[in-house]
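Here are my notes on the model you sent. They are set out as numbered points, to be read beside the sequence and the coordinates.

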Amino acid sequence: MVAAGILIEHGRVLLTQRKKGAHLEGAWEFPGGKVEPSEDPRDALVRELREEVGIEAAVGDVVEVTFHRYPAKAVLLLFYRVERRAGSPEPAALDVADVRWAAHEDLREDEFPPADIVVLSKVRALVADRAG
Ligand SMILES: Nc1nc2c([nH]c(=O)n2[C@@H]2O[C@H](COP(=O)(O)OP(=O)(O)OP(=O)(O)O)[C@@H](O)[C@H]2O)c(=O)[nH]1
């Protein structure tokens, strides 16, 4: 099981780029990672966001749940809304290749892992909603 976060600020969503040598190297995705056995997925997401981009996050509602079979592995992905807690550092590329904030017109399907396509239209709508 994998937990990933949808963090929207000022009409843009936070994306992270997968490191060289990782599964789906170079793809842009929503920050997050694997849930450990018996770990609460929300706690896993807080932990991963701290490790990968150095932010302190509050985890909200589930936006999407999806199962995807890659040639090498199968993943169950839980996408949650997240917000940065007051006083949290700005996101930085601590354990990812890069970070960026994307506007809804920048969310191109061919840059994302295939498992993320189902959530992209929901994220576009959420980002557009916050843009005005
Ligand atoms: N964080 C994140 N992972 C995603 C997304 N979409 C998607 O298919 N994944 C997949 O979910 C898994 C995330 O786990 P991870 O980041 O801890 O994976 P990893 O490469 O260290 O895995 P490994 O230890 O099996 O090689 C990866 O296989 C990744 O390709 C997404 O939007 N965010």
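**Notes on the predicted model**

1. A hairpin of 4 residues connects strand 5 to strand 6. The model is a predicted one, and the points below should be read with that in mind. Strand 5 covers residues 57-69 and pairs with strand 6 in the antiparallel sense, over 10 bridges. Two of the bridge partners can be checked by eye: Ala-58 is matched with Glu-83 of strand 6, and Ala-57 with Arg-84 of strand 6.

2. Strand 6 also pairs with strand 1, here in the parallel sense and over 6 bridges. Gly-5 has Tyr-80 in strand 6 as its bridge partner. Strand 6 thus takes part in an antiparallel pairing with strand 5 and a parallel pairing with strand 1.

3. The largest nonpolar core contains 30 residues. Within this core, Ala-3, Ile-6, Val-13, Leu-45 and Phe-79 have the most contacts. Two or more core residues come from each of strand 1, strand 2 (12-17), helix 1, strand 6 and helix 2 (117-131). Strand 1 is the biggest contributor, giving 6 residues.

4. Phe-79 deserves a separate look. Setting aside residues within four places in sequence, Phe-79 contacts Ala-4, Ile-6, Phe-30, Val-62, Val-63, Glu-64 and Val-119. Of these partners, Ile-6 is also listed with Phe-79 among the core residues that have the most contacts.

5. Which residues come nearest to the ligand? There are 16 residues around the ligand, and the nearest are Glu-29, Gly-32, Gly-33, Pro-113 and Ala-115. By class, this shell is made up of 9 nonpolar, 4 polar and 3 charged residues. Strand 1 (2-9), strand 4 (32-34) and strand 6 (74-84) each supply at least two residues of the shell. Strand 4 gives the most, with 3 residues.

6. An unreviewed UniProt entry places the feature "binding site" at Gly-32 and Glu-52. The two positions span 21 residues in sequence, but their C-alpha atoms are no more than 7.8 Å apart, so they gather at one spot. Gly-32 is also one of the residues that come nearest to the ligand.

7. Gly-32 sits in strand 4. Is Gly-32 buried or exposed? It is buried, because 24 other C-beta atoms lie within 10 Å. Not counting residues up to four places away in sequence, Gly-32 touches Val-2, Ala-3, Ala-4, Gly-5, Leu-45 and Glu-48. Ala-3 and Leu-45 from that list also appear among the core residues with the most contacts.

8. Glu-52 belongs to helix 1, which runs over residues 41-53. Glu-52 counts as buried because it has 21 C-beta neighbours inside 10 Å; the cut-off for that label is 20 or more. Leaving out neighbours within four places in sequence, its contacts are Thr-16, Pro-31, Leu-94, Asp-95 and Val-96.

9. The unreviewed UniProt entry also carries the annotation "domain: Nudix hydrolase" for residues 1-125. Over that span, 18% is helix and 38% is strand, and the end C-alpha atoms lie 25 Å apart. The annotation is taken from the record.

Conventions. Residues numbered from 1 in each chain as written. Predicted model: local features only at pLDDT ≥ 70, side-chain atom pairs only at ≥ 80, totals over all residues. Near = placed C-beta within 6 Å. Nonpolar A, V, L, I, M, F, W, Y, C, P; charged D, E, K, R; others polar. UniProt positions renumbered as here; feature names shortened; annotations may be inferred. Buried ≥ 20, exposed ≤ 12 C-beta atoms within 10 Å, placed from the backbone. Contact = placed C-beta atoms within 7 Å. Pairing = 2+ DSSP bridges. Core = buried A, V, L, I, M, F, W, Y, C linked by C-beta atoms within 7 Å.
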